[in-house]
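Open the model in your viewer and keep the selection panel at hand. The stops below go one by one.

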Amino acid sequence: MLKVATADLWDQHSAELHCADPIFRSYGNKVSFHGEITTVKLFEDNSFVRQQLTTNGKGKVMVVDGGGSFRCALVGDQLASLAIENGWEGLIINGCIRDSAMINTIEIGIRALNTCPVKSMKKNIGELDVPIRFASTLFAPGHYVYVDEDGILVSEAMITH
C-alpha cells in the first residue's frame, strides 16, 4: 500500500486530486490511512453505518455523510472496534463521534467534525454507495481517498506514486 504524505501526493499529482476543506478533527491512533471509497448517506441514524462495518473493509475507507449534524454521534467505541475487526482502513464522518477517549486508544483512523455524547436514532434510514458531497468535495464510491495529519485528498483512480 502507498505510504506517502498527502503533501507529497499533492506536489506530484495535483491535477488528479481534490483537497477536502480542512474542517475535520482526527480521532484514533491511526493518523494516516487510504483506500477505496464506500459511502453511507444518512441523517442522525447510524443503522447503515453499523450494517456496512460488518462487511469486509480491507482496502476501503467508509465516508459517511451525516448532514453535518452536531446533535448526535454516528460512531462510538463499539462501531470503531467493529471497523477494526473487519479490516476497514478508516472512516471520514460529516458528523460527530462519541467515546473519543476510548477511540483515541485504539488502532483506527477517523476524521469527524466533533464529538457528542448523544446516541443516534436507529430507524434503518439511509443510502449506501451513492455519491455524496461535503467539505467542498465529491466522495464517490470507487474513487480513492488519502488521509494524514495534513488533510484529505480524493482521486478518481488509485495513485500508485
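Start at helix H1. This is a predicted model. The buried residues of H1 pack against three strands: S1 (17–19), S11 (144–148) and S12 (151–155). Select residues 6–13 to show the helix, then pick out Thr6, Leu9 and His13, which are buried. Now look down the axis of H1. The buried residues fall within an arc of 55°, so they line one face of the helix. The spacing has a simple background: an α-helix has 3.6 residues a turn, so residues three or four places apart point the same way.

**Strand S6**

Next, select S6, residues 90–97. Eight of its eight residues are buried, so S6 is largely enclosed by the rest of the structure. Which strands pair with S6? Take them in turn.

- Show S4 (60–65). S4 and S6 run parallel and are joined by five bridges. Val63 stands opposite Ile92 in S6.
- Add S5 (73–75). S5 pairs with S6 in the parallel sense, over two bridges. Here Val75 stands opposite Ile97 of S6.
- Add S7 (110–115). S7 and S6 are parallel too, with five bridges. Look for Ile93, which stands opposite Ala112 in S7.

**The largest nonpolar core**

Keep those strands on screen. Which residues of the largest nonpolar core touch the most other members? Select Val49, Leu53, Leu91, Ile93 and Ile110; the core has 24 residues, and these five have the most contacts with other members. Now colour the elements that give two or more residues to this core: helices H2 (47–53) and H3 (77–85), with strands S4, S5, S6 and S7. H3 gives the largest share, four residues. As background, nonpolar side chains tend to be buried together in soluble globular proteins.

Zoom in on Leu53. What does Leu53 touch, leaving aside residues up to four places away in sequence? Its contacts are Met62, Leu79, Leu82, Ala83, Asn86, Trp88 and Leu91.

Then move to a second, separate core. This one has 17 residues, and Ala20, Val61, Ile132 and Phe139 are among them.

**The aromatic cluster**

Phe139 leads to the next stop. How many aromatic pairs does the structure hold? There are two. A pair of rings is described by the distance of the centres and the angle of the planes.

Select Phe24 and Phe134. Their ring centres are 6.0 Å apart and their planes lie at 65°, so this pair is edge-to-face, the class for angles over 60 degrees. Trace the chain between the two. Phe24 sits in the loop between S1 and strand S2 (25–27), while Phe134 belongs to strand S9 (residues 132–134). The two are 110 residues apart, and the pair links distant parts of the chain.

Now add Phe139. The rings of Phe134 and Phe139 have centres 4.8 Å apart and planes at 25°, so this pair is stacked, the class for angles under 30 degrees.

Are these three rings buried or exposed? Phe24 has 16% relative accessibility and counts as buried. Phe134 is buried at 6%. Phe139 is buried at 0%. Finish with Phe24, Phe134 and Phe139 selected together: they form one aromatic cluster.

Key
Residues numbered from 1 in each chain as written. Predicted model: local features only at pLDDT ≥ 70, side-chain atom pairs only at ≥ 80, totals over all residues. Heavy atoms only, no water. Core = buried A, V, L, I, M, F, W, Y, C linked by side-chain atoms within 4.5 Å. Buried < 20%, exposed > 50% of the residue type's maximum accessible area, 1.4 Å probe, protein only. Contact = heavy atoms within 4.5 Å. Arc of directions from axis to C-beta. Phe/Tyr/Trp six-rings, centres within 6.5 Å; stacked < 30°, edge-to-face > 60°. Pairing = 2+ DSSP bridges.
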